Amino acid sequence: MEFKLEAHRIVSISLGKIYNSRGQRGGIKLHKNLLVSLVLRSARQVYLSDPCPGLYLAGSPVPPPQPGEPAAGPPAGWGEPPPPAARAAWPEPETPPERPAGPDARRAVDAEPAAPGAGDTLQGGEAAATAEAAWRRAEVPRAAAAGGAGDPAGGADVCPEGPRAAHRPCACPPGGEAGPGALSCAPRPAKDERPVPPPGCPRKRGAAAGDGPADCPAPGSSPLKKPRRHPEEPAGGAAAEEEEMETGNVANLISIFGSSFSGLLRKSPAGGREEAEAEESGPEAAEPGQICCDQPVLRDINPWSTAIVAF
Amino acid sequence: MSSQRSFEPCASEADIISTVEFNHTGELLATGDKGGRVVIFQREPESKNAPHSQGEYDVYSTFQSHEPEFDYLKSLEIEEKINKIKWLPQQNAAHSLLSTNDKTIKLWKITERDKRPEGYNLKDEEGKLKDLSTVTSLQVPVLKPMDLMVEVSPRRVFANGHTYHINSISVNSDCETYMSADDLRINLWHLAITDRSFNIVDIKPANMEDLTEVITASEFHPHHCNLFVYSSSKGSLRLCDMRAAALCDKHSKLFEEPEDPSNRSFFSEIISSVSDVKFSHSGRYMLTRDYLTVKVWDLNMEARPIETYQVHDYLRSKLCSLYENDCIFDKFECAWNGSDSVIMTGAYNNFFRMFDRNTKRDVTLEASRESSKPRAVLKPRRVCVGGKRRRDDISVDSLDFTKKILHTAWHPAENIIAIAATNNLYIFQDKVNSEMH
């Protein structure tokens with residue numbers, strides 16, 4: 001668990017560094033950002049692969065099928081671990097995630113943990129929300145009860161595929177079901193700390209050198225573009241994740257930065273990102289040998305647009 | 001070791017020294033700072049009149065080398081900070097040096113003027129033309145001594161050669177060419193030609209997403225004009241031979257040490273990044289500095305360094321904090337002494353370290369005003385890492401990480417060292433042991 005916290009902290013710090021590097025005098029330092037991205041990836045891998053129960057972040061195997069599912073409320077804060085007291089409320093799942101191949105959708109978890117009871121409540125109505133809520137409360141050993149939910153409440157998923165954009169911000173199942181002790185969609189604590197990212201490319205093409213880690217996407221590619229659903233997804237779940245990016249989900253950011261820069265993603269996401277000959281925006285590290293998971297889903301995410309959105 | 005004195009300009013960011021370099025004889029010492037200025041010190045000749053001020057360094061010349069620029073196309077400001085200065089071998093009465101910021105290299109010529117002609121026929125003392133009718137005889141103008149004037153003029157500007165930030169320059173032993181390296185490319189220039197350069201190393205991947213390492217430092221071999229080395233952020237060194245191909249992407253030799261798996265952490269990659277590489281004067285060895293160690297490599301052995309010295313291993317358990325406060329990205333330089341028997345590098349708390357390769361002894365010294373009264377003798381310092389603590393020891397937790405010695409230089413022949421501590425320059429001379437061992 002400590003590793004996870006440490007890793008999480010390092011991830012936050014790294015992202016902060018990348019973000020701050022945009023405003024540096026003299027332009028982005030390629031070397032430093034490359035190193036930061038390497039650390040980010042290492043931390044992310046540890047974070048995602050640590051079998052300790054992830055109280056607020058875990059890989060969910062089944063994303064909800066409804067693409068239209070709104071980001072109810074502010075996106076849950078991935079950025080902050082749940083308060084210790086709340087954490088204690090979570091019955092720790094004893095078993096590691098049992099869905100090895102499955103975990104793909106990871107959602108932002110509400111930073112406000114709900115009482116276990118609420119989790120159970122959620123479970124009941126899970127059908128639509130499926131794993132999301134279940135996943136979110138993964139720590140709750142719903143695993144046992146989760147049979148119906150169909151998802152591994154699986155603590156940390158083995159596959160550090162990274163948060164899919166399926167970032168269900170908050171626990172509320174569709175329809176706003178709120179059982180007793182319903183989880184409230186607490187605003188992401190982290191959200192306040194993060195500047196709201198501009199929804200589009202803030203800079204001209206080619207002038208992105210001073211930009212953050214993302215080049216401007218080619219004009220015409222909208223940051224809100226939905227990724228294609230990958231046919232292999234277990235539940236045919238939608239990779240509806242991407243749209244949630246604009247909420248600045250840190251988990252997704254990590255996945256984007258970690259993956260795309262390490263070449264885990266397919267090299268040319270749809271949408272095309274401009275490869276500026278100019279000062280490279282941000283770090284990129286490719287260590288194909290360290291691919292932890294090759295879940296195909298992530299490939300469909302346009303990393304640049306999401307990254308831009310996030311920043 | 002006795003200290004000379006410290007030069008202390010007003011404390012401002014622009015005064016932070018960013019590079020220090022002796023010339024080939026050691027007579028001149030150049031420093032560059034963040035404000036784009038270059039200050040050159042000259043060693044005073046030893047005189048019998050003032051035996052105590054023999055061989056001290058005084059300011060010789062100051063000039064503004066680089067100014068901040070703005071790249072309008074990329075909306076980027078280009079810092080004026082001097083990243084590196086390299087002296088050219090002296091070929092006539094003038095001295096020349098190369099100075100570079102992130103993007104532009106400049107060749108400066110430093111000349112002295114200590115005489116001026118007097119007694120012109122057509123001009124008077126103030127330079128006004130004389131009335132010819134008053135000129136009744138001819139005289140030969142004579143050179144009269146004047147106060148020494150040091151004139152510095154930019155002779156060449158090597159611009160637009162680099163897309164990324166220049167991190168090193170190195171003059172070739174052929175005295176005609178030099179190379180400049182940025183994060184991804186190395187260019188070869190001719191000192192007389194500014195409008196073109198040859199790209200000799202290019203590690204930029206076709207897809208920047210595949211980028212895994214960058215060039216961190218590079219240097220020409222001191223004797224073989226065809227050889228140069230460059231270091232990478234992954235901790236490897238590549239020796240390249242320009243005779244082999246026009247583009248030296250393929251190395252002739254690759255020097256890297258396998259990582260110790262027991263030391264693996266989130267930050268292993270960062271601390272293995274080489275921040276400086278220096279050939280020994282003999283040309284047989286290379287010295288590299290990474291975050292925690294200095295290593296000596298034998299050009300004939302690629303598998304591992306022949307010597308590794310721990311600079312401040314007590315920081316290994318603090319890497320996370322150092323990552324947070326960005327100290328882990330500090331780029332320390334390293335230096336050989338003239339006989340290649342001692343190596344030196346900087347650390348935190350204004351400490352710097354010297355390692356004697358023969359005796360295997362090492363010493364930690366501090367560059368501070370207290371310890372550097374003129375003629376004061378430097379006292380070795382110690383950092384205690386728990387356990388028995390002696391009286392003057394500094395504990396790891398009380399180290400001041402804002403006081404870092406990144407730039408050091410060693411006189412090419414004598415035991416004189418120049419230490420840059422933020423905005424102060426310290427020059428220490430070992431009067432007792434002025435002979436090289």
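# A tour of chains A and B

Start by selecting chain A: of its contacts (heavy atoms within 4.5 Å) with a separation of 6 or more, 86% are between residues 24 or more positions apart. Before you go further, note that this is a predicted model, where local features need pLDDT of at least 70, side-chain atom pairs count only at pLDDT 80 or more, and totals for chains, interfaces and linings use all residues. Residues are numbered from 1 along each chain as its sequence is written, chains are lettered from A and ligands numbered from 1 in the order in which they are written, and side-chain values use heavy atoms, with hydrogens and water left out.

**Colour by confidence**

Colour everything by pLDDT, the predictor's confidence in each residue, from 0 to 100. Chain A averages 48, and 15% of its residues score at least 70. Now select residues 54-252 of chain A: pLDDT is below 50 there, though the model gives this stretch 506 contacts beyond near neighbours in sequence. Residues 254-311 of chain A also stay under 50, with 225 contacts beyond four places in sequence. Switch to chain B, and the average pLDDT is 91, with 94% of the residues at 70 or above. For the whole model, the scores are ipTM 0.89 and pTM 0.67.

**Turn on the cartoon**

Helices (H or I, at least four residues) and strands (E, at least two) are DSSP runs, numbered from the N terminus. Chain A shows 10 helices and two strands, while chain B has two helices and 32 strands. As for burial, call a residue buried under 20% relative accessible area, exposed over 50%, and partly exposed in between (1.4 Å probe, protein chains only). Of the 311 residues of chain A, 61% are buried; for the 437 residues in chain B, the figure is 54%.

**Two helices of chain A**

Select residues 2-20 of chain A, which form α1. α1(A) has 19 residues and reaches 27 Å from its first C-alpha to its last, close to the expected 27 Å; that expectation is 1.5 Å times one less than the number of residues. Show side chains and look for the buried ones, including A:Ile10, A:Val11, A:Leu15 and A:Ile18.

Next comes α2(A), residues 30-49, whose 20 residues reach 28 Å, close to the 28 Å expected. This helix is mostly covered, with 17 of its 20 residues buried. Keep α2(A) selected for the next two stops.

**Into the core**

A nonpolar core here is a set of buried Ala, Val, Leu, Ile, Met, Phe, Trp, Tyr and Cys residues joined through side-chain atoms within 4.5 Å. The largest one has 48 residues, and B:Phe267, B:Tyr291, B:Tyr323 and B:Ile328 have the most contacts inside it. Both chains take part: α1 and α2 of chain A each supply at least two residues, as do several elements of chain B, among them α1 (268-272), β21 (285-289) and α2 (319-324). The largest share, eight residues, comes from α2(A). Apart from this core lies another, of 15 residues, including B:Val342, B:Phe352, B:Trp410 and B:Phe428.

Zoom in on B:Tyr291. Leaving out residues up to four places away in sequence, B:Tyr291 touches residues that include B:Ile271, B:His312, B:Leu319, B:Ile328 and B:Tyr348.

**The largest pocket**

Which residues lie nearest the centre of the largest pocket? Select B:Lys81, B:Phe329, B:Asp330, B:Lys331 and B:Leu406, which are among the 46 residues that line the pocket. α2(A) gives the most to this lining, with four residues.

**Loops worth a stop**

Go to B:Leu184, in the loop between β13 (177-181) and β14 (185-190) of chain B. Buried or exposed? B:Leu184 counts as buried because its relative accessibility is 0%. Among the residues B:Leu184 touches are A:Leu30 from the other chain, B:Tyr164, B:Val201 and B:Ile215. Measure to B:Pro205, 21 residues along the chain, and the C-alpha atoms are separated by 9.0 Å.

Finish with a pair of asparagines. Most residues other than glycine have a negative phi. B:Asn160 has a positive phi near 60 degrees, and sits in the loop between β11 (142-158) and β12 (168-171) of chain B. B:Asn349 also has a positive phi, of about 60 degrees, in the loop between β25 (342-346) and β26 of chain B. Their surroundings are worth a look: B:Asn160 is exposed at 77% relative accessibility, whereas B:Asn349 is buried at 9%.

Terms used
On a 1 Å grid over the protein atoms alone, a cavity is a set of points where a 1.4 Å probe fits but cannot get out, and a pocket is an open set with protein on both sides within 12 Å along at least five of seven lines; lining residues have an atom within 4 Å of a point.
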